[in-house]
Structure formats: C-alpha cells, structure tokens
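Colleague: I'm still learning to read models like this one, so please choose one part and look at it closely with me. I'd love to see how its charged side chains are arranged.

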Amino acid sequence: MSDVVVWSAGMVIPITAPSILDGAVAVRDGRIEHVGARDWVVETLTQRGLSFTERHFDGVLLPGLVNAHTHLQYTGMASVGAGQYRGFDDWARAFDEVYDAGGLDWGGDAAAGARLLLASGTTAAADVVTDAAAASALHDAGLHGVAYWEVMSWSNEEWRARGEREVSASLDAMPTPPAVGISPHAPYSLDAEPLLDLPDMARRRGMRIHIHLGESHSEAEWSETRTTALADLWKSEHSSSFTAMRSRGGGFSSTQFVDQLGVLGPDCHVAHGVYMRADDRRRLRARQTAVALCPRSNHVIGLDAPPVGAYLSEGNMIAVGTDSLSSSPSLDLLEDVAFLFDLARSQGYEDQDLARRLLQAATLGGATAMGLATGPDRLGQLQSGAVADMCVVDVPVTSIVETIDTVARHGAGRVVETIVSGRVRYSTSH
C-alpha cells in the first residue's frame with residue numbers, strides 16, 4: 001500500500017497561490033507534500049521514488065472550510081432558526097423559551113452539528129460552548145479549530161467573589177485537542193470587571209479570545225445622544241458596565257467600549273460586526289482583530305446586513321461563520337459565502353476579486369482569526385507542509401475566474417468529499 005495519496009481535480013484553489021486547472025495535491029502522513037499541476041505532481045513523486053494512489057474529481061479542490069463562528073450545541077434548536085424575527089429581542093425570547101424548557105441533549109446535538117460541518121466541507125471551527133456537555137464536540141469529531149468556553153451574565157460583585165475560580169475550572173475540564181479559548185459573551189451581558197479580567201486570563205494561558213460584538217442595535221454608536229466623552233465616563237461611578245455607561249449618555253459603541261478595556265488584539269476575533277461604523281472598523285484594523293461575518297443569522301434575527309462592502313474596501317480581516325441552527329437555516333458555510341457575495345454587490349462593491357476574497361475569508365480568513373494560519377499546523381491553505389484539510393466541490397470547471405465565481409455563488413450543497421489531516425471524513429462515493 002502506498003503512503004501517498006494524490007487528490008486531483010479539474011481545478012485546485014490553493015488560496016495562498018494562483019489557482020491551477022487540472023491540478024493536484026499530494027498528501028503524506030496527514031500533511032501536504034506537493035501542490036501544482038497534476039502532471040508535475042505525478043512526475044515529482046515518481047522522481048522521488050514514491051508510489052501513490054489517486055482520487056480524481058472533475059470539480060474543484062480547495063482547503064477545508066473554516067467556520068469562524070458557531071455554537072454546535074444548539075443544533076437541536078433548529079425550530080428557532082427556522083423562524084423569522086423582528087430584531088434581537090424578539091429572537092432572544094424565542095431562543096430562551098426553548099433553551100429554558102430543557103430536555104435538549106447538548107452533547108448529542110453538538111456531535112450532530114459536527115457531522116453537518118464535515119458534510120458541508122468544513123474541517124475547522126470556532127465553536128462557542130455554553131454547557132459543559134457540549135465541550136467535546138470538536139475533539140470527538142477530530143475537527144480542528146478552537147473550542148471557546150462562553151462566559152456570560154456575571155456582575156462585578158459575583159465575579160470578584162468566585163468568577164475567576166469557576167471559569168478556570170471550566171477551562172481546565174475542556175478536552176484537547178483542538179485548542180481551547182475564552183469567549184466573553186458580549187458587552188451587554190457582562191459587567192466591566194469580568195470583561196477586563198477575561199482577556200488577561202486567556203492571554204496568561206496562551207488562549208484565543210472570541211466575543212460577540214456589534215450584533216445588536218443597542219451596541220451601535222449613537223453620537224447624537226452622547227453627552228460626555230468615553231474617557232470621562234470611564235472615571236465616573238457609572239463605569240460598572242456598558243449598559244450603565246450607555247444609560248448615562250454614553251453614545252459610544254460597544255466596540256469603542258471593549259477597545260478601552262483591551263479586549264481586542266491579534267489574538268482575538270469578533271462575531272457579527274453588524275453595527276460598526278467607520279471608527280469601529282478602524283479600531284479592528286488597528287488591533288489586527290478579524291471579524292466573522294454571519295449574514296444569514298443576522299437576516300433570520302431581523303438585523304441589518306453587515307457592512308461587508310466596507311470591510312472589503314477598507315481592508316479589514318474578515319472570516320465567515322454560520323452561527324448556530326438556532327438562528328441559521330444550515331451549517332453550510334458556502335451558503336453564507338453566497339449571501340455575502342450578493343450583499344457586497346448590493347452595497348456597491350464592484351471589484352472583480354469579490355468571489356476570490358470571499359473564498360479566502362471562508363478558509364484562510366477563518367484560520368487567521370483563530371491563530372491557525374501560520375506555523376507547522378497551519379490550516380486554510382493548500383501549501384507544502386500544511387495540514388491536509390481539504391474539500392471537493394462538484395461544480396463545472398471552465399476558466400479560473402468563472403469557476404471561482406461559481407464556487408462562491410453556487411457551491412453550497414455540492415461538497416462531495418471532505419478530508420481532515422489526510423483522512424476522508426465525508427464522501428458521497430462511500
């Protein structure tokens with residue numbers, strides 16, 4: 001038996017190099033050996049005296065998709081995600097009704113969500129875990145990414161009494177691999193002290209940070225209602241939380257608030273980023289903080305569309321997430337890519353690189369958001385030495401530009417094979 005497998009396809013999209021018609025990727029011991037034209041890859045293996053087996057597809061081979069924001073444990077709450085809501089509060093009431101009723105199998109539902117990821121070409125995810133029973137979903141499925149322990153609903157007083165101790169115990173109980181991170185839920189669900197301490201906890205442990213930001217209209221900048229400067233409010237007795245500061249005339253945004261707390265940085269990425277004006281987006285760029293856009297979730301909840309055109313034009317680092325089935329129709333990341341394509345065009349982004357940039361966001365962008373784009377275990381790219389995470393999308397191959405456009409706009413539901421660390425984990429041919 002050969003220890004080298006060659007995946008060849010009508011077109012290969014490496015992401016970190018030009019796309020290749022009639023291309024191939026050679027994989028050995030879970031890592032990529034060679035990427036290039038099929039004839040060259042085969043000749044190189046032959047010259048090295050390496051025998052191989054080949055799996056050929058007529059469609060497109062690209063890196064495994066990276067879902068940069070999801071909650072796999074809510075896979076069993078698809079009835080909520082099937083609705084259409086009038087805003088965040090309306091959706092939250094529907095969510096809480098199902099969540100509070102109990103009876104859901106968080107572990108089983110999260111495992112089912114992991115299987116759905118594999119079936120749609122996703123090989124790595126940022127999975128936000130709220131209940132401990134769901135903590136092992138990525139680990140058990142052999143998926144890459146980061147499992148983020150979610151922290152929410154802590155007041156300053158409760159946090160001082162026992163917060164760090166309880167969160168530390170939860171983090172210690174999380175299985176690895178993959179990596180473990182901390183997710184302070186949102187500025188409106190935590191008081192200031194836990195929001196100040198949690199990033200420090202993560203950084204002392206060498207963990208990543210992931211926060212919901214700019215998802216609700218209540219987090220937007222309301223400059224017309226601002227009565228004083230953020231720096232002044234911060235020194236006042238009203239600085240106990242974002243909500244308290246906002247109620248005292250702080251028309252600043254939640255992004256400006258968490259930036260003051262030092263939450264943002266290259267080790268952090270945010271989810272949603274809908275209600276962010278130019279200054280908020282500038283802050284993300286300045287802190288090298290990526291944003292995971294989840295447009296279908298925003299649409300179901302009844303929120304405004306994320307400013308994807310502005311993010312692209314201004315040079316923000318973007319990734320793509322599905323969010324959970326409690327607010328999205330599926331966990332197919334390419335559905336969100338297609339949604340973002342149409343949004344960007346409607347917002348005036350006319351550059352012809354749109355499809356390519358969105359596929360990059362759905363692969364390398366997600367890996368970058370989680371700190372997995374560089375180093376020996378890098379993901380989101382087809383490159384010699386990288387982890388062999390790949391997927392095959394069954395779309396017709398024409399020219400390079402047209403085919404990239406087809407994958408981005410019509411690739412959803414057409415994944416026929418998913419490979420994780422060189423192993424076939426999903427295939428329609430099996």
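Modeller: Let's follow the salt bridges around one helix, and then step back to the domains.

A word on the ground rules: the model is predicted, so local features need pLDDT of at least 70 and side-chain atom pairs count only at pLDDT 80 or more, while totals for chains, interfaces and linings use all residues. Residues are numbered from 1 along each chain as its sequence is written, and side-chain values use heavy atoms, leaving out hydrogens and water.

Searching the whole structure turns up 23 salt bridges, each being a side-chain nitrogen of Lys or Arg within 4 Å of a carboxyl oxygen of Asp or Glu. Our helix is helix 11, residues 278-286 (helices are DSSP runs of H or I, at least four residues, and strands are runs of E, at least two, numbered from the N terminus).

Start at Glu 314, which forms a salt bridge with Arg 281, their closest N and O atoms being 2.7 Å apart. Glu 314 belongs to helix 13 (residues 308-314) and Arg 281 to helix 11, so this salt bridge ties together parts that are 33 residues apart in sequence. How open is each partner to the surroundings? Arg 281 counts as buried, at 10% relative accessibility, whereas Glu 314 counts as partly exposed, at 31% (buried means under 20% relative accessible area, exposed over 50%, and partly exposed in between, with a 1.4 Å probe and protein chains only).

Glu 314 has another salt bridge to show you: its side chain also meets that of Arg 285, at 3.1 Å from N to O. Once more distant parts of the chain are linked, with Arg 285 in helix 11 and Glu 314 in helix 13, 29 residues apart. Arg 285 is partly exposed, with a relative accessible area of 31%. So, as you turn the model, look for Glu 314 of helix 13 with both Arg 281 and Arg 285 as its partners.

Now move just past the end of helix 11. Arg 287 and Asp 259 meet through their side chains in a salt bridge of 2.7 Å, N to O. This pair, too, connects distant parts of the chain, 28 residues apart: Asp 259 sits in helix 10 (residues 254-261), while Arg 287 sits in the loop between helix 11 and strand 11 (290-293). Asp 259 counts as buried at 11% relative accessibility, but Arg 287 is partly exposed, at 35%. Try tracing the salt bridges onward from here, and you will find a network that links Asp 259, Asp 279, Arg 282, Arg 283 and Arg 287.

Finally, let's place this part in the whole protein. The domain assignment (an automatic or database one) gives domain 1 as 4-62 + 381-427 and domain 2 as 65-370. Taken over C-alpha atoms, the centres of domain 1 and domain 2 are 31 Å apart. Where they meet, 25 residues of domain 1 are in contact with 22 residues of domain 2 (heavy atoms within 4.5 Å). How many salt bridges does the rule find across the interface of domain 1 and domain 2? Zero! About 1800 Å² is buried between domain 1 and domain 2, and carbon and sulfur atoms give 70% of that area (the accessible area, 1.4 Å probe, that two parts lose on being put together, summed over both).
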